[in-house]
Amino acid sequence: MIEVRNLRKNYGKLEALKGISFSIDEGEFYGLLGPNGAGKTTTISIISSILVPDGGEVSINGKNIYTHSRESKQIIGVVPQEIALYSDFSAMENLIFWGGLYGVPDNELKRRAKELLQMVGLSDRANDKVSSYSGGMKRRINIAAALLHRPKVLFMDEPTVGIDPQSRNLIFEVLEKLHHNGMTIIYTTHYMEEAERFCDRIGIIDHGQIIAQGKLDELRNDNGAKDAIAITLNHADERQISALQTFWPDSKMADMNLYFYSQDVKTDLPLIIRKCSEAETDIRSIEIQKTNLETIFLNLTGRQLRD
Amino acid sequence: MIKIAIKDLMQFFKQKRTMLLTFLLPIVLITLFAFAFGGIGGGSGDSRISLQISDLDQTQTSKKAAVLFDSLKGLEIKPTELSIAQDNIKKGKESFVLIFKKGFADSVNAGYNPPLELQYDEAKETEVGLLQQSLIPTIAMMPFSLGDPKTTMANRFNNMAGTKDNTERAIIKERSDKLFDDLSAAMSRSNSSGGSAADFLGGNIKMTKLIAANNDNELGLIQAVAGTAVMMLLFSVVGIGSGLLDEKQEGTLKRLLYAPINPLNILFGKMISANVISILQLLVMFVFAALCFGLSLTEHLPGTLITIAATAFACSAFGVFLASFAKTRQQVQGLSTMVVLVMSAIGGSMMPLFFMPALMQKAAVLSVNYWSIQSFYDVFWRNLSITDPSFLKKIVVLVFIGLILNALAVIMFRKNILKLSRGNFF
C-alpha cells in the first residue's frame with residue numbers, strides 16, 4: 001500500500017534522511033522507532049506530502065504522492081506530535097472544523113464527531129473548551145481530529161508523549177480498535193513497549209537511516225535473541241573492564257553499565273558475578289533485561305534509545 | 001478558504017480580551033480625541049471668548065458699538081469698568097479688555113476709525129489671535145455700521161483728499177452722495193431682496209464658508225473619529241495577522257497543511273477574516289460617533305461604507321503582510337508598533353495635517369492613514385458625492401495599497417511561513 005524508496009532530505013549541511021526505504025501493506029501496523037532527531041518526523045512529513053524530499057519516491061496505492069497530492073492527503077490522517085488544536089474551541093468545534101477541511105458533509109460530520117468523542121471517552125466534555133482539558137484529554141482529541149474523514153492510512157507521530165496512564169490506556173484501546181478495523185497505521189515512538197505491543201513490523205531508524213526492520217521475532221533472531229545481564233558499576237578501570245570482557249566476549253560497555261548477553265541467564269549469572277568479584281569491581285546493581293527492542297537498539301547502535 | 005475564515009472569526013469572537021481591545025479601546029480613544037479636537041460641545045456657550053468692554057465715551061454711539069460686538073457669535077461681552085477689567089486681567093480671571101476711548105462717537109461720525117485699544121495678557125497670545133479675527137471685520141466697518149453711511153462715505157472721501165477748502169469739500173460730498181444714491185438705486189433694481197450702498201460699503205459684509213455651509217458635522221469630530229479609527233484599526237489588524245504565527249507556533253498550521261487544501265487558502269482565509277473584523281471595527285466606531293456625538297452617518301452612508309470597505313481592505317492587507325514578513329510574534333509586535341505609530345503620526349491620525357510642516361504633509365501620502373482620513377473628510381466635511389473624482393481617487397489608492405500588500409503577503413507567506421512550518425521536523 002505504501003512504498004517508500006530511497007528517501008533523502010537535507011537541512012542545510014545536515015543529512016536528516018540518508019536514503020530510507022520501506023514498504024507497508026494494507027492493514028499493517030508499522031512502527032518507526034528511533035531516538036529524538038533520528039528522522040522519524042521528517043519521514044512522516046514527507047509521506048504526508050507537506051515536505052518535499054531531496055531525493056527518493058513515495059507512493060500510496062501505486063500513485064506518487066506528489067503528482068496525486070490532493071488524492072493522497074484525502075486518504076491519509078495525521079496525528080501530529082504537537083497538540084494541534086484550537087484551544088478556544090470546544091472539542092466538538094475542533095472536530096467539526098478539522099473534518100470540514102476534508103469535505104465531509106456537515107450532518108455526517110456531526111455524527112462522526114459524536115462517535116469519535118465517544119470512542120476517546122470525551123462525550124461528556126464535548127462542549128468544553130479544549131483549553132480546560134488535561135494533557136491526556138487533548139491528546140485524545142488530537143487523535144480524533146485525524147479520523148473524521150475516515151482515512152485509510154493513519155500516521156501517528158509520538159501520540160502518547162507526556163500523558164497520564166488513564167489517557168494512555170484509552171489511546172491504546174483506540175489504537176487496537178483502529179487496527180482491528182483494518183486501518184493501516186504508521187506509528188512513530190521511542191517507547192519500546194508500545195511498539196512491542198502493537199506493531200506488526202518495526203523499522204528502527206537512527207541518524208537518518210533504517211538500521212533494521214522486520215517483525216519483532218525477526219529482529220530478535222537477527223540479533224542473537226539474547227537476554228542481557230546489566231551490571232552497573234560504581235567504579236571500574238580499563239583493566240578491570242578488559243578482564244571481564246575477555247572472560248565474557250559477548251558483552252558491551254555503555255556508560256557505567258556492562259551488558260553480558262546470555263541465552264541462559266540462570267546458569268551464566270553466578271559465573272559473571274564471581275568474575276566481577278575476582279576483578280575487584282564495585283557493583284552497584286544488577287538487572288536482567290529480557291531481549292526487547294531497547295536491547296536490540298542497543299546492540300545495533302551501542303546507545304540507549306532514550307539517550 | 002471560507003471555512004478557515006469562519007474559523008478565524010469564531011476564534012476572534014471567543015477571545016473576550018481581544019474583542020475588548022478591538023472595540024472598546026478605540027471607542028475610549030475616539031471619545032478622548034473628540035474632546036481634544038473640540039468636536040464635542042463646540043457649539044455651547046462655554047467655548048466663547050470672554051471680552052471685557054470698558055466704555056469711556058459713554059455715548060449712544062459707543063453703546064451701539066458694544067451691542068454690535070455682543071451680537072458677534074463666539075464672543076461673550078462683559079461691560080466692565082476699566083480699573084476692574086485691568087485688575088481681572090492681572091489676576092488671570094480675564095484675558096482682555098477692549099477700551100472705547102473718549103471721542104469714540106466723534107471719530108465715528110467724522111468718518112475716522114474709532115479710537116479703540118485692546119489690553120491683554122501676553123501669556124494668552126493665541127487667544128488674542130482668535131479674538132482679532134473676530135473683531136477686525138466689525139471694527140473696520142464700524143463707522144458705516146454706527147453712523148449715517150452716506151455721510152460717513154462723504155467724510156471718508158474728504159479725509160482721503162485731505163482738503164480743508166469748504167468748496168472743494170462740498171463738491172466731494174455732493175458727488176459722493178450722488179454716487180451713494182446711484183449705487184443704492186442700482187442695487188435695489190438688481191437685488192429683489194433689497195439692498196443699499198451701505199451694504200456695498202461693508203456694513204453687512206457677507207462671509208461665506210464654502211465647505212462648512214450646510215455641514216452638520218464638526219471638523220474636530222471627523223478628525224477624531226477617522227484619525228483614531230484608522231490608527232486603532234492598524235493595531236488590530238496586526239494582531240489578527242499575527243494569528244498566522246500563532247498557528248505556526250501551536251502546530252495548527254502544520255495540521256492545516258496536512259489537509260487537502262491549497263496552502264495559500266490558509267492565507268486567503270486569514271485575509272477574509274481580517275477584512276470582516278476590520279469592517280466591523282470601523283462600523284462600530286462610526287456608529288458610536290453617530291449615536292454619541294451626532295456624526296451625521298445616515299446622510300453620508302454610501303460614501304462612509306465605501307471608505308470603510310477600502311480602508312479595511314488596505315489596513316487588513318497591511319496586517320497580514322506584516323505577519324507574513326516577520327518570523328516570530330515578537331518581531332511583528334516590535335515592527336508593527338514602530339510602523340503604525342510612524343504612519344499614524346505622518347498620516348494625520350494623531351493630529352490634523354495642517355498642524356504639520358510642509359515636508360511632513362508631503363510625506364503623509366506614504367501612509368494608509370492619510371488616504372483613509374482624507375476620504376472620510378471628503379465624505380463628512382467636503383460633502384463630495386461617491387462619484388466625485390477626488391473621492392474616487394483616494395478610494396482607488398487605498399484599494400491599490402491593499403492589492404500590493406496582499407500580493408507581497410502571498411510572496412512572504414510562501415517564503416517565510418510555509419518554509420518555517422516545514423522546517424525542523426525531525
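Which residue just after α14(B) takes a positive phi? I began my notebook with this point, and I found that B:Gly294, placed just after α14(B), has a positive phi of about 80 degrees. I should record at once that this is a predicted model, and I read every entry below with that in mind.

**Entry 1: helix α14 of chain B**

I then turned to the helix itself, which runs over residues 263–293 of chain B. I checked its length against the rise of 1.5 Å a residue: its 31 residues should span 45 Å, and because the end C-alpha atoms are 45 Å apart, the expectation and the model agree. At the N-terminal end I found a cap, B:Asn262, whose side chain places an oxygen 2.9 Å from the backbone nitrogen of B:Leu264.

**Entry 2: the two chains in outline**

For chain A I noted 11 helices and 14 strands, while for chain B I noted 19 helices and four strands. Buried residues make up 54% of the 307 residues in chain A, and 46% of the 426 residues of chain B count as buried. I also looked at how far along the sequence the contacts reach: taking contacts with a separation of 6 or more in chain A, 70% are between residues 24 or more positions apart. In chain B, among contacts between residues at least 6 apart, 74% join residues at least 24 apart.

**Entry 3: the second largest pocket**

Which residues lie nearest the centre of the second largest pocket? I listed B:Gln15, B:Thr18, B:Gly239, B:Ile240 and B:Arg329, out of a lining of 31 residues. The elements that each give two or more residues to this lining are α1 (2–14), α2 (16–36), α11 (219–241), α12 (243–250), α14 and α16 (329–347), which belong to chain B. The helix of my first entry, α14, is therefore one of the contributors, although the largest share, six residues, comes from α11(B). I noted a volume of about 750 Å³ for the pocket, and I sorted its lining into 10 nonpolar, 14 polar and seven charged residues.

**Entry 4: B:Glu247**

I picked out B:Glu247, which sits in helix α12 of chain B. Is B:Glu247 buried or exposed? Its relative accessible area is 5%, and since buried means under 20%, B:Glu247 counts as buried. Its side chain is joined to that of B:Thr252 by a polar contact of 2.9 Å. Leaving aside residues up to four places away in sequence, I found that B:Glu247 touches A:Tyr86 in chain A, and in chain B it touches B:Lys7, B:Asp8, B:Thr252, B:Leu253, B:Leu256 and B:Lys270.

**Entry 5: A:Asn94**

The residue A:Tyr86 came up again when I looked at A:Asn94, which touches A:Leu85, A:Tyr86, A:Phe89 and A:Val130 when residues up to four places away in sequence are not counted. A:Asn94 is found in helix α3 (residues 91–100) of chain A, and with a relative accessible area of 0% it is buried.

**Entry 6: the cavity**

I counted one cavity of 30 Å³ or more, and the space in the largest cavity is about 60 Å³. Both chains take part in its lining, with A:Val78, A:Trp98, A:Tyr102, A:Ala145, A:Ala146 and A:His149 from chain A, and B:Arg255 and B:Tyr258 from chain B. I divided this lining into six nonpolar residues, one polar and one charged.

**Entry 7: helix α6 of chain A**

I repeated the length check on helix α6 (residues 165–180) of chain A, where 16 residues at 1.5 Å each should span 22 Å, and the end C-alpha atoms are 22 Å apart, which agrees. The buried residues of α6(A) include A:Leu170, A:Ile171, A:Val174 and A:Leu178. An α-helix has 3.6 residues a turn, so residues three or four places apart point the same way. Among the elements that cover the buried residues of α6(A) are β3 (29–33), α4 (106–119) and β8 (184–189) of chain A. Just after α6(A), A:Gly182 takes a positive phi of about 95 degrees.

**Entry 8: positive phi in residues other than glycine**

I noted that A:Asn61, which is not a glycine, has a positive phi of about 55 degrees. A:Asn61 lies in the loop between β4 (55–60) and β5 (63–64) of chain A, and at 43% relative accessibility it counts as partly exposed. A:His207 also has a positive phi, near 50 degrees, and its place is in the loop between β9 (201–206) and β10 (209–214) of chain A.

Methods. Residues are numbered from 1 along each chain as its sequence is written. Chains are lettered from A and ligands numbered from 1 in the order in which they are written. Side-chain values use heavy atoms; hydrogens and water are left out. The expected span of a helix is 1.5 Å times one less than its number of residues. A polar contact is a pair of N or O atoms within 3.5 Å; within protein, one must be able to donate a hydrogen and the other to accept it, and residues adjacent in sequence count only if both atoms are side-chain atoms. On a 1 Å grid over the protein atoms alone, a cavity is a set of points where a 1.4 Å probe fits but cannot get out, and a pocket is an open set with protein on both sides within 12 Å along at least five of seven lines; lining residues have an atom within 4 Å of a point. Grid points are joined across faces, edges and corners, and a volume is the space filled by probe spheres set on the points. Ala, Val, Leu, Ile, Met, Phe, Trp, Tyr, Cys and Pro count as nonpolar, Asp, Glu, Lys and Arg as charged, and the others, Gly among them, as polar. Buried means under 20% relative accessible area, exposed over 50%, partly exposed in between (1.4 Å probe, protein chains only). Contact means heavy atoms within 4.5 Å.
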